[in-house]
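I opened a fresh page today to keep track of what I look up, one entry at a time. Here is the model I am working from.

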Amino acid sequence: MTYNKSSYLQHTAIRVRDIQWHIRFFEEALGMPVASRQGPEDAPVQVWLVGGVQLIADPAYGEPEGRMAHLGIMTGDLELAL
């Protein structure tokens, strides 16, 4: 299938309590390594994984895991998209 539009979903950001658990899950179970990291390796604030997932550490949150933070949309024509 060919996609010829100038807009696309670039990444999905998810807030998680235990960012290290989620890093291991995406790396080991799904083969999606960390592409970029904000903060120290043992306690990152955010990580971006190959494949379009961004994890945001939110250790104080007491509800279920996996709350969407935002969608990263890329567009070649902002005026048209708006």
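**Entry 1: overall size.** What radius of gyration does the protein chain have, and what would a compact globule of 82 residues have? I note first that this is a predicted model. For the chain I find 15 Å, whereas a compact globule of 82 residues would come out near 12 Å. I also looked up the box that the C-alpha atoms fill: along the principal axes it is roughly 40 × 25 × 25 Å.

**Entry 2: helices and strands.** I went through the secondary structure next and found two helices and five strands. Following the sequence, I wrote down the order as β-α-β-β-β-β-α.

**Entry 3: inside and outside.** How much of the protein chain is buried? I get 23% of the 82 residues. The accessible surface is about 5800 Å², and carbon and sulfur atoms account for 56% of that. I then turned to contacts between residues at least 6 apart in sequence, and 59% of these join residues at least 24 apart.

**Entry 4: charges.** I looked up 6 positive and 10 negative charges in the protein chain, and their mean positions lie 3 Å apart. How many salt bridges does the count give? The count comes to one. I traced the partners to R67 and D58, whose side chains meet at 3.0 Å, N to O. Is R67 of this pair buried or exposed? R67 counts as buried because its relative accessibility is 14%, and the cut-off for buried is under 20%.

**Entry 5: a look at L30.** Where does L30 sit? I found L30 in the loop between α1 (19-29) and β2 (34-38). Its relative accessibility is 47%, so I put L30 down as partly exposed; exposed would need over 50%. Last, I checked L30 against K5: they are 25 residues apart along the chain, and their C-alpha atoms are separated by 28 Å.

Methods
Residues are numbered from 1 along each chain as its sequence is written. This is a predicted model: local features need pLDDT of at least 70, side-chain atom pairs count only at pLDDT 80 or more; totals for chains, interfaces and linings use all residues. Side-chain values use heavy atoms; hydrogens and water are left out. Helices (H or I, at least four residues) and strands (E, at least two) are DSSP runs, numbered from the N terminus. The radius of gyration is taken over C-alpha atoms; the globule rule is 2.2 Å times the number of residues to the power 0.38. Buried means under 20% relative accessible area, exposed over 50%, partly exposed in between (1.4 Å probe, protein chains only). Contact means heavy atoms within 4.5 Å. Accessible areas come from the Shrake-Rupley method with a 1.4 Å probe; for residues, only the protein chains shown count as cover. Lys and Arg count as positive and Asp and Glu as negative; His and the chain ends are not counted. The place of a charge is taken as NZ of Lys, CZ of Arg, CG of Asp or CD of Glu. A salt bridge is a side-chain nitrogen of Lys or Arg within 4 Å of a carboxyl oxygen of Asp or Glu.
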